[in-house]
Amino acid sequence: MRSGALQIVEDMKKIAHVDDDPLVRELLERVLSGEGYRVESFGSVSGFLKSLGDGKPFPDLLILDVMVEEDDAGLTAYDTVRREYPGLKMILLTSLGESVRPYFEPTDSETRIMQKPFLPADLTSAVLSLVGDR
Amino acid sequence: MPDPESIEFFWDGDTEKPVPGPGAGHISDEVLRRNAHWFMRLRWIVAVLCSLYSLLSLSFPDLLHMAGLSAAVVWPAIIAAILIPANVVFGRLLGKSPRTDASLSPYLIVWLQIILDLACLTVVVHFVGSIGTPGPYLYLLHVALACVFFTASASLAVTALSCFLYIATVILERSGVIEPSSLLWSPATLDLFTSGQPTLIQVVSVCLLLFLVWYLVSRLSIAIREREHELMQAQERIRSAQEQKDRHALKMTHQLKSPLDTIRSGIAMIRGETRWEIPESFQDLLGTMEERARVMGELILDVLRLAQLSFDQVGTEHFRGIELHELVSRCITEVQPSAQRRGISILPELSRVTVRGIPQQLSFLAGNLLSNAVTYSNEGGTVRVRCGMEQGWTGFTVEDEGIGISPEKVRRIFDEFYRAKEAVEHNPFSTGIGLSIVRQVARIHRIRIRIDSAPGRGTRFTVVFPGESDNSGAGIS
């Protein structure tokens, strides 16, 4: 019989976060964990995609840095994830703000673009609007 | 342990060597197919002329005699009857447009056309008159077209074939195998066949002229094709360089801005989590650090935007219809938080109006003007924004009651990094690039901007879209 604590953890909304900056990963994890979400961080797109293939629970939301790893691997990753996991909701974080739009314009309602640095309140609000309460 | 691997790098300064053009060597199927349509047009013209001549001969033979021409009904009709269906068949084989795939090789189809054309042309030359008439010079049309549209070797083959057919026609006429003919209604014309020297002179002259035309026109065509190829390569290099520059700017901006974003996120976290434990002086220090990092980040983004706009080769073909009132409304929403922090009211009067442009760039323009209006307003002030069509112009105005600009400084405010002394005193933290971005967007969209301002009394920016311009005021173009 599962313990109540374990059940609560398993019921929490799961958020995957990909960013090659360890400080950003720590900051985001602290913000969203504080709001009751379960956050799993990855330093690379390949690490995240591998985790999906390893049978881990599918995240409720993916927060993806646009310029992660080499060049614009985040943009390539968006295309891959959207193609293979069309139902996965995403928030794309970018330092470039509106300047990234000529290179990338998501057309689905399940994806948001947010500018770095993110205010904790703004990030929480965006997560809430996409996945609901923890 | 394995021996360390030695790798040598060398960067050749001239990495962009031009690729040789097609020159006299090769023309692609696509180009052949396109060029063959020119021969089809010539064939239609010849078919129509032959048909008309046949009809005229049938209906008004006396008219032709008066013009010094002999009537001919049968052979022009036969030529037209051959050329018209041939054109239809060739058209289907080549496809309805140059881009449609054909089942036969375009090269084979083109040569079939050339052989048929020269055969029909030889018949026309025979009946028009192979000696003493302008008839043989009709071959020049084919030779010239072949030089322009085909390779030098192919056009030489057309020239040689034309000469061969013409000489063969004259020989057959001279030997009596076929009766000489002429459209020029003059017995003297046929007498030319009885004397050998004029005949020889004309044949040699025609053939020499055909080869001379081939030489000159084919060389000219080769030169033009080489220039076209070099131009296309240059355009491709420019496009590729532009793309590389954009990507480089994007990467550089990200590399410069990311550390600042991390610092700002960290400061926000510290202030958010421990605000009750940090002395107020430290809070102020953190606030100053955050503000400086914010301005640095904005400067980096503004430099990127300005670089993108400065080298932008976007033409009006990339413009699309924009609901200007909606765009301005979105920009107002974005500046509302900073306006509210300083107690500044933004009063919009937005009428529905549509303009053409690039939405992102026009957002930069409107956003910068609104942001400046809020920044340089005094606390508790008002910013009025109007949008629509009035007094013969389409656009919007942004008007504040802030610090204003002195007349001698107005003309410099669009210079990069220029900031008037009063502006610096009012707001030390500004990138100084915002209005340079406005200028670039205005240049791309051919927008006129009028500025009405006085120190201490505020500033009004009037943005006028092309088509309905306001001719008064100190506008910039």
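What follows is a walk through the folds, cores and selected contacts of a predicted model with chains A and B.

Chain A is built from five helices and five strands. Read from the N terminus, its elements go α-β-α-β-α-β-α-β-β-α. The chain has 134 residues, and 46% of them count as buried. As for how the chain folds back on itself, take the contacts in chain A with a separation of 6 or more: 63% of these join residues 24 or more positions apart.

Chain B has 477 residues, of which 43% count as buried. Its secondary structure adds up to 14 helices and seven strands. Of the contacts in chain B with a separation of 6 or more, 74% are between residues 24 or more positions apart.

Back in chain A, one helix pair can be described in some detail. Helix α2 (residues 22-34) and helix α5 (residues 120-131) of chain A have axes that come within 10 Å of each other and cross at roughly 60°. The crossing of α2(A) and α5(A) is right-handed. On the α2(A) side the contact is made by Leu28(A), Val31(A) and Leu32(A), while α5(A) brings in Pro120(A), Leu123(A), Thr124(A) and Val127(A). Sorted by character, the residues where α2(A) meets α5(A) come out as six nonpolar, one polar and no charged.

Turning to the interior of the model, the largest nonpolar core has 51 residues, and Leu369(B) and Phe396(B) are the ones with the most contacts inside it. A whole set of chain B elements feeds this core with at least two residues each: the helices α9 (280-310), α10 (324-341), α11 (359-375) and α14 (434-445), together with the strands β4 (382-390), β5 (393-400), β6 (448-454) and β7 (458-464). The most generous of them is α11(B), which gives eight residues to this core.

Phe396(B) gives a good view of how these pieces meet. Setting aside neighbours within four places in sequence, Phe396(B) contacts Leu324(B) and Val328(B), then Leu365(B), Ala366(B) and Leu369(B), then Arg386(B) and Cys387(B), and finally Phe461(B), Thr462(B), Val463(B) and Phe465(B). Apart from this core there is a second, separate one of 34 residues, with Phe39(B), Leu94(B), Tyr139(B) and Ala146(B) among them.

Phe39(B) turns up again around a histidine. His142(B) sits in helix α5 (residues 139-149) of chain B. With a relative accessible area of 6%, His142(B) is buried. Once residues up to four places away in sequence are left out, His142(B) touches Phe39(B), Leu42(B), Asp117(B), Leu118(B), Leu121(B) and Val158(B).

Helix α8 (residues 196-273) of chain B holds two further buried residues of interest. One of them is Ser221(B), found in α8 of chain B. Ser221(B) has a relative accessible area of 10%, so it counts as buried. Beyond its neighbours within four places in sequence, Ser221(B) is in contact with Cys147(B) and Val148(B). The other is Leu250(B), also a residue of helix α8 (residues 196-273). Leu250(B) is buried too, at a relative accessible area of 4%. From Leu250(B) to Arg305(B) the distance is 9.8 Å, C-alpha to C-alpha, although 55 residues in sequence separate the two.

Aromatic side chains also pair up, with six aromatic pairs counted over all chains. In chain A, Phe42(A) and Phe48(A) make an edge-to-face pair, with 5.7 Å from centre to centre and 70° between the planes. Both of these residues, Phe42(A) and Phe48(A), are buried. In chain B, the rings of Trp75(B) and Phe127(B) lie with centres 5.0 Å apart and planes at 10°, and so this pair is stacked. Because Trp75(B) belongs to helix α3 (residues 74-94) and Phe127(B) to helix α4 (residues 106-128) of chain B, the pair ties together parts that are 52 residues apart in sequence. The two partners are not alike in exposure: Trp75(B) is buried, with a relative accessible area of 12%, whereas Phe127(B) is partly exposed, at 25%.

Definitions and conventions:
Residues numbered from 1 in each chain as written. Chains lettered and ligands numbered in written order. Predicted model: local features only at pLDDT ≥ 70, side-chain atom pairs only at ≥ 80, totals over all residues. Heavy atoms only, no water. Core = buried A, V, L, I, M, F, W, Y, C linked by side-chain atoms within 4.5 Å. Buried < 20%, exposed > 50% of the residue type's maximum accessible area, 1.4 Å probe, protein only. Helix = DSSP H or I, 4+ residues; strand = E, 2+ residues; numbered from the N terminus. Contact = heavy atoms within 4.5 Å. Phe/Tyr/Trp six-rings, centres within 6.5 Å; stacked < 30°, edge-to-face > 60°. Axes fitted to C-alpha atoms, helices over the stretch in contact; angles between N-to-C directions. Left-handed = near helix turned anticlockwise from the far one by under 90°. Nonpolar A, V, L, I, M, F, W, Y, C, P; charged D, E, K, R; others polar.
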